[in-house]
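Colleague: I should like to learn how the features of a protein model are read. May we go through them one at a time, with the general idea before the case?

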Amino acid sequence: MSDAADSDNLLAAERALHAAQLASDVPTLDRLIDDDVLYVGPDGSIATKHDDLEAIRSGRQVLTRLEERDLRARTIGSTGLTWSLLGIEGSVNGQPVAATVRYTRAWAHEKNAGWRVVAAHATVRFRDRSDQGRWSRRFPARSRRRAAAAGSEQVDA
């Protein structure tokens, strides 16, 4: 496959991820996200695949709008990188949230599984300061409990 075809397939995978997020489609997200993925949130906290899917499955995190404003991809062999700028609206823990989010995702391509997210990072530009607090309270208690259980000195930013 050519680099251009690889990049087109990676862009399609990123857009499929967006559509699954908007539809709260947990089975598709499960297929597109590697089991060992780590997601660094806008507040510096780390979430796992389990954390992310459980937030969607439970309804704690719901997207009602996702607008692609920019999307770029680069492939290097079986590794891919995507950079997206998205306008999003929805709710976190029942509170409305609206933001512009820049995502950087690392993807790995496996012959039988296709493209899967292996790492992600988000930077958020909030429309309103009250949104920042709601977003940053997504997983901090869980992260602190895990750090304490592991005997770590990790502190969520």
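Modeller: Let us begin with accessibility: a residue is called buried when its relative accessible area is under 20%, exposed when it is over 50%, and partly exposed in between. Please note that this is a predicted model.

Colleague: How does R69 count on that scale, buried, partly exposed or exposed?

Modeller: R69 has a relative accessibility of 38%, so it counts as partly exposed. E67 is partly exposed as well, because its relative accessible area is 35%. These two residues form a salt bridge, with their closest N and O atoms 3.6 Å apart.

Colleague: What must hold before a pair is called a salt bridge?

Modeller: A side-chain nitrogen of Lys or Arg must lie within 4 Å of a carboxyl oxygen of Asp or Glu. By this rule the structure has twelve salt bridges. One of them joins the side chains of D70 and R72, with an N to O distance of 3.0 Å. D70 is buried, because its relative accessible area is 19%, whereas R72 is exposed, because its value is 51%. Salt bridges with shared partners also link D30, D34, D35, K49 and R116 into one network.

Colleague: Where do R57 and E54 lie?

Modeller: Both are in helix α3, which covers residues 49-58, and they are three residues apart, about one turn of the helix. Their side chains meet in a salt bridge at 3.3 Å, N to O. E54 has a relative accessibility of 24%, so it counts as partly exposed.

Colleague: Which residues does H109 touch, leaving aside those up to four places away in sequence?

Modeller: H109 touches S78, G114 and W115. H109 belongs to strand β5, residues 95-110. Although H109 and S78 are 31 residues apart along the chain, their C-alpha atoms are separated by 4.9 Å.

Colleague: How does one find empty space, and how many cavities of 30 Å³ or more does the whole structure hold?

Modeller: Rolling a probe the size of a water molecule over the atoms shows where empty space is left. The search finds two cavities of 30 Å³ or more. The largest cavity holds about 350 Å³ of space. It is lined by 29 residues, and those closest to its centre are Q21, Y39, D52, Y103 and R105.

Colleague: Which element gives the most to that lining?

Modeller: Strand β4 does, with six residues. The lining of the largest cavity comprises 19 nonpolar, five polar and five charged residues.

Methods:
Residues numbered from 1 in each chain as written. Predicted model: local features only at pLDDT ≥ 70, side-chain atom pairs only at ≥ 80, totals over all residues. Heavy atoms only, no water. Helix = DSSP H or I, 4+ residues; strand = E, 2+ residues; numbered from the N terminus. Buried < 20%, exposed > 50% of the residue type's maximum accessible area, 1.4 Å probe, protein only. Contact = heavy atoms within 4.5 Å. 1 Å grid on protein atoms, 1.4 Å probe; cavity = no way out; pocket = protein on both sides within 12 Å on 5 of 7 lines; lining within 4 Å. Points joined across faces, edges and corners; volume = space filled by probe spheres on them. Nonpolar A, V, L, I, M, F, W, Y, C, P; charged D, E, K, R; others polar.
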